[in-house]
Amino acid sequence: MTPFEPRELTEAQLVTVYRAMLQSRLLDERMVSLQRQGRISFYGTGIGQEATCIASAFALRPSDWLFPGLRENAAMLLRGYPLVPYLAQLFGNAGDEAKGRQMPAHQSSRRVNQVSWSSCIGTQLPQAVGAAWAARSKGHDTVVLACLGDGATSTGDFHAAMNFAGVLQAPVVFLCQNNHWSISLHVSQQTRSETLALKASAYGFPGVRVDGNDAEAVYAATATAVARARAGQGPTFIEALTYRVSAHSSSDDPTLYQDAQEVQAWKAKDPIERLRARLIERQAWDAARDEALRGELLSALHAALSEAEALPPVPPESLFDDVYAEEPWHLAEQREELRRAVRGSRSEG
């Protein structure tokens, strides 16, 4: 049995998942602070939803692909992406693999097979199904994890992707983080379906609902769906029931529409606290190790942040990069013209 087949997680694996969840939480808290200080322009957190993000990604092989929605960026770190370029993307500087061309908090990298999410809701879903279909057509055993929020289930792209996946039996797993809110619109105003998981039946494949704040439950559901897809048995839709206990993004004020008592009730179901308590109960963790881990993660975060923030801006002429495999003469001339203009403006300054 491989580590990626459906099975219960070992205590060591649960500690790995817990570590990644805690890293995500500490990172989010620090980045919100930076945004409020004006050091980055935008940020969206996954606070309170770490179990769904991390445990689902843990069910993937390194060769599998992940098409995120808004709250799955931290999966990149779990899958081995370095922290410095991850943070550099928030600054859009020379350490950013995407050369500052994407909004902050839209990380992506071929190194860990994670595609950038688009701020246009649901557009990643047909792309994910297409990637899964292409992989199967090439004879690969790749599985694609297509992530979305509850709001995306109201888009045309969602329905097109679900139908596409069902008809072609594509090796894709749809993971929906039902956090109850699409910005300020409650899920009760998105659909009359009793659950979002029910929607899968219309497209001819299974839909399951899990406790999105239970890391072990999310892993089990995702691992089962991934194994099913890899075996050629088609797609699965997973509805992970969770809650957005913080703002939609740094541009949002949730106090205008969320009920404070409901938020507090869900904060009491914190997935990190829940997994920590479970590990302690199983004598796989203790307060001393937890304190040491927090110190280790914070030290690494502060060091990486200092390094990432100090990196220089992206060179202006990089806007000509990646347009053609071989740069044509007219772009080469324009590149040199821009270099001269930049040098001239700097010398005048």
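A strand here is a DSSP run of E with at least two residues, and strands are numbered from the N terminus. With that in hand, let's look around this predicted model.

## Val-210 and strand S6

Val-210 sits in strand S6, which covers residues 207–211. Is Val-210 buried or exposed? The cut-off for buried is under 20% relative accessible area, and Val-210 comes in at 15%, so it counts as buried.

Setting aside neighbours within four places in sequence, Val-210 touches Ala-217, Val-218 and Ala-221, along with Ile-238, Glu-239, Ala-240 and Leu-241. Ala-220 is 10 residues away from Val-210 in sequence, and their C-alpha atoms are 9.5 Å apart.

## The whole chain

Zooming out, the protein chain has 11 helices and 7 strands. Its C-alpha atoms fit in a box of roughly 65 × 50 × 45 Å along the principal axes. For 349 residues, a compact globule would have a radius of gyration near 20 Å, and the 21 Å found for the protein chain agrees with that.

Of those 349 residues, 51% are buried. If you take the contacts with a separation of 6 or more, 73% of them link residues 24 or more positions apart. The accessible surface is about 15900 Å², and carbon and sulfur atoms account for 53% of it. As for charge, there are 34 positive and 40 negative ones, with mean positions 2 Å apart.

## Strand S3, covered on both faces

Now for strand S3, residues 172–178: 7 of its 7 residues are buried, so the rest of the structure largely encloses it. In a regular strand, side chains alternate between the two faces of the sheet. Which residues of S3 are buried on each side? On one side you find Val-172, Phe-174, Cys-176 and Asn-178; on the other, Val-173, Leu-175 and Gln-177.

S3 also has a partner: strand S2 (residues 144–149) pairs with it in the parallel sense over 6 bridges. In that pairing, Leu-145 stands opposite Val-173.

## Asn-178

Asn-178 belongs to S3, and at 3% relative accessibility it counts as buried. Beyond its neighbours within four places in sequence, Asn-178 is in contact with several residues, including Asp-150, Arg-209 and Glu-239. Others on that list are Val-187, Leu-196, Ala-240, Leu-241, Thr-242 and Tyr-243. Glu-239, Ala-240 and Leu-241 are contacts of Val-210 too.

Trp-266 is 88 residues from Asn-178 in sequence, with 13 Å between their C-alpha atoms.

## Helix H4 and what it packs against

Helix H4 runs over residues 83–91 and is mostly covered, with 8 of its 9 residues buried. Those are Leu-83, Val-84, Pro-85, Tyr-86, Leu-87, Ala-88, Gln-89 and Leu-90.

Which helices do the buried residues of H4 pack against? They pack against H1 (11–36), H3 (75–78) and H10 (287–309). Right after H4 comes Gly-92, with a positive phi of about 65 degrees.

## Glu-50, a buried acid

Glu-50 lies in helix H2, residues 50–58. Charged as it may be, Glu-50 has a relative accessible area of 1% and is buried.

What is Glu-50 in contact with, leaving aside its neighbours within four places in sequence? Met-21, Ser-24 and Arg-25 are on the list, as are Ala-55, Pro-271 and Ile-272. Of these, Met-21, Ser-24 and Arg-25 fall within the 11–36 span of helix H1.

Definitions and conventions
Residues numbered from 1 in each chain as written. Predicted model: local features only at pLDDT ≥ 70, side-chain atom pairs only at ≥ 80, totals over all residues. Heavy atoms only, no water. Helix = DSSP H or I, 4+ residues; strand = E, 2+ residues; numbered from the N terminus. Rg over C-alpha atoms; globule rule 2.2 N^0.38 Å. Buried < 20%, exposed > 50% of the residue type's maximum accessible area, 1.4 Å probe, protein only. Contact = heavy atoms within 4.5 Å. Areas by Shrake-Rupley, 256 points an atom, 1.4 Å probe, with all protein chains shown as cover. Charge placed at Lys NZ, Arg CZ, Asp CG, Glu CD. Pairing = 2+ DSSP bridges.
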